[in-house]
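Q: I should like to learn how to read the features of a protein model. Where should we begin?

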Amino acid sequence: MATARTPDKPNDGFLSRLVHGVKKLVNGSFESQVRTGRTALEMPSHSLAPLQAPVIASTTGPCAGLCQLQAELDTPTHESGTEVAGITHWFRPQPHVDGESISLYEHKAGSTQHHGDPIADVFAIVARPNNCIMAVADGVNWGIKPRLAARCAVHGCVDYLNSKLFECPKSPCTTQDVFHDILRSFHSAQKLIIQKGGTTTTLCVAVIVELQQGKAGGSSKWGLCVVCVGDTLCYVWRKETQQVHEVTSATHLGKERNPRDSGGCLGCDLGDQPDLSNLLCCYVPIADGDIVFAVSDGISDNMDPVLLKEAASDATPTPTSTPSFETIPPFPLPADPTPNAGLQDSTQLSQLPILTPEQRQAHVLSKLSNMLRDRNVACNFNLTATGVKDAVITSAIESTEEKRKYLEQCWQEQENCEMTLSEKRANDRKIGRVVRTLPGKLDHATIAAYRAGKCIVSSEENVKRGHSATHSHVMNTAVAQSEQTRRHNKTFAATEKASVI
């Protein structure tokens, strides 16, 4: 019988760094500035600089994003030049405004399609000279209905905010006014989900606004207003310290991360009512050059040391016996498996450091900080939203590559074997046991990022963009999709090759 595990002592290498990180997390200056609550009245009321309305960059996805509201079709639902969610021309990303959604699931045998298709995440970003609206939604479970819920949630919020913040006679004057508008936009999102017949989705909406100088409290020039429900989270990379901090940590701080439970959602969770159990409003001042990014759990979960098999949770029971060889499928494993592939023995599990939820959170922030610090150096200390997006997406792909490669070979071998239904079910169970020992979580992964700072686009560039935006919307969608595919084809090439051997 395996002996009970006890937490490592604070001076043990790996854990001591995490304990130190937790102390910094609790006592750090950034965290002390974050204000949280469940209503707009609980949020600070800082005066805003007049909000400027001209759109200088906008993007949505995956594929045509908000421009695809029909549940059954993957074709655009509007003609070129038609307004969608208050924006006439989408697909105008810039280095300071960017986002992406991908599938981390394995390819189906002999196909370019992924298990778990269609991607049920949706994002949208609209940037103006001194403000930005950013939204990310993650449809709960697989299928068309969760994707529809996510599309409706982002569409409802962005449409409402574009109207309320810029087209109404009275624009918000304070950060508290902004929170009132974001919360009302959640109501608009909920109504649209029910109207269109979607199911449930998480949602995180961030509005970055310029603060009126002299009334902002301190030297920060920008205010970050975030409202979220579920496990879609928001982070900030501070240019001054090159550290990543989570703005929405109060939604899960001290709780065990549960990839199967989002914690809350919009849509028809309780009849026609949403589950607002973990709805949270967050405010924090930020500075020029800071980068705000919102991510779905396909990103954040794949930063967690427990899900990456680098540590064990203090709530995880220790196995009392070693699984038998019957857990190994009756066909070869992928060539050159990494050491984690055999992480089934109770002795190995007992040697992993045991982490509390706070220590796991500190590890996530440390990993993100190190990753973006390296990317910032590679970018000659000019990190952009695109740089953050590329680094985070690449990390998620690499963290799940072993599991994805293994499953693709399994399904290909199964496709080539003749099995009865009962044999197939038994084999699937065996595959499942092995998969649980491999690092990472296969999911849809989405990030939307924005770098704070005033941006002015020349008249010449506006004319050029306006001209290109009048081209076919289908062409815009194809270009955006092909660019994302090209960027990740190299990473997935080895996996695709393994699946057809």
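A: We may begin with a pair of packed helices, bearing in mind that this model is predicted. Helices α3 and α4 are oblique to each other: an angle that is neither under 35 degrees, nor over 145, nor from 65 to 115 counts as oblique. Here α3 and α4 pack at about 140°, and their axes are 7 Å apart. The crossing of α3 past α4 is right-handed.

Q: Which residues of α3 and α4 meet?
A: A contact between helices is read from the residues that each side brings to it. On the side of α3 they include Leu148, Cys152, Cys157, Tyr160 and Leu165, and on the side of α4 they include Ile182, Phe186, Ala189, Leu192 and Ile193. By class, this contact has 13 nonpolar, four polar and four charged residues.

Q: At what angle do the axes of α7 and α8 cross?
A: The axes of α7 (residues 357-378) and α8 (residues 385-415) cross at roughly 125° and come within 10 Å. That angle makes α7 oblique to α8. The contact of α7 with α8 has six nonpolar, three polar and three charged residues. Among the residues that meet are Leu368, Met371 and Arg375 in α7, and Val388, Asp390 and Ser399 in α8. As for handedness, α7 passes α8 in a right-handed crossing.

Q: Which residues touch the most other members of the largest nonpolar core?
A: A core is read by asking which of its members have many partners within it, and which elements supply them. The largest nonpolar core has 50 residues, and those touching the most other members are Trp90, Val158, Phe186 and Leu203. Elements that each supply at least two residues include the strands β4, β5, β6, β7 and β12, as well as the helices α3 and α4. Helix α3 gives the most, with 11 residues. A second, separate core of 31 residues includes Phe30, Ile125, Cys132 and Val226.

Q: What is Phe186 in contact with, leaving aside its neighbours within four places in sequence?
A: With those neighbours set aside, Phe186 is in contact with Cys157, Leu203, Val205, Val227, Cys228, Val229, Leu266 and Leu279.

Q: Is Thr59 buried or exposed?
A: Burial is judged from relative accessible area, and buried means under 20%. Thr59 has a relative accessible area of 6%, so it is buried. This residue lies in strand β2 (residues 57-61). Not counting residues up to four places away in sequence, Thr59 touches Trp90, Phe91, Pro93, Asp98, Gly99, Phe123, Ala124 and Ile125.

Q: How should the backbone be read, and where is phi positive in a residue other than glycine?
A: Most residues other than glycine have a negative phi, and most peptide bonds are trans. In this structure, Phe91 has a positive phi near 60°. Phe91 is placed in the loop between β2 and β3, and its relative accessibility of 14% means that it counts as buried. Ala85, which is not a glycine either, has a positive phi of about 55°. Ala85 is found in the loop between β2 and β3 and is buried, with a relative accessible area of 4%.

Q: Which residues does a cis peptide bond join?
A: Omega is the angle to consult. Gly61 and Pro62 are joined by a cis peptide bond with omega of about 0°, and Pro62 lies in the loop between β2 and β3. The bond from Asp117 to Pro118 is cis as well, with omega near 5°. Pro118 is found in the loop between β3 and β4.

Note on methods. Residues are numbered from 1 along each chain as its sequence is written. This is a predicted model: local features need pLDDT of at least 70, side-chain atom pairs count only at pLDDT 80 or more; totals for chains, interfaces and linings use all residues. Side-chain values use heavy atoms; hydrogens and water are left out. Axes are lines fitted to C-alpha atoms, for helices over the stretch in contact, and angles run from 0 to 180 degrees between N-to-C directions. Helices (H or I, at least four residues) and strands (E, at least two) are DSSP runs, numbered from the N terminus. A crossing is left-handed if the near helix is turned anticlockwise from the far one by less than a right angle, and right-handed if clockwise. Contact means heavy atoms within 4.5 Å. Ala, Val, Leu, Ile, Met, Phe, Trp, Tyr, Cys and Pro count as nonpolar, Asp, Glu, Lys and Arg as charged, and the others, Gly among them, as polar. A nonpolar core is a set of buried Ala, Val, Leu, Ile, Met, Phe, Trp, Tyr and Cys residues joined through side-chain atoms within 4.5 Å. Buried means under 20% relative accessible area, exposed over 50%, partly exposed in between (1.4 Å probe, protein chains only).
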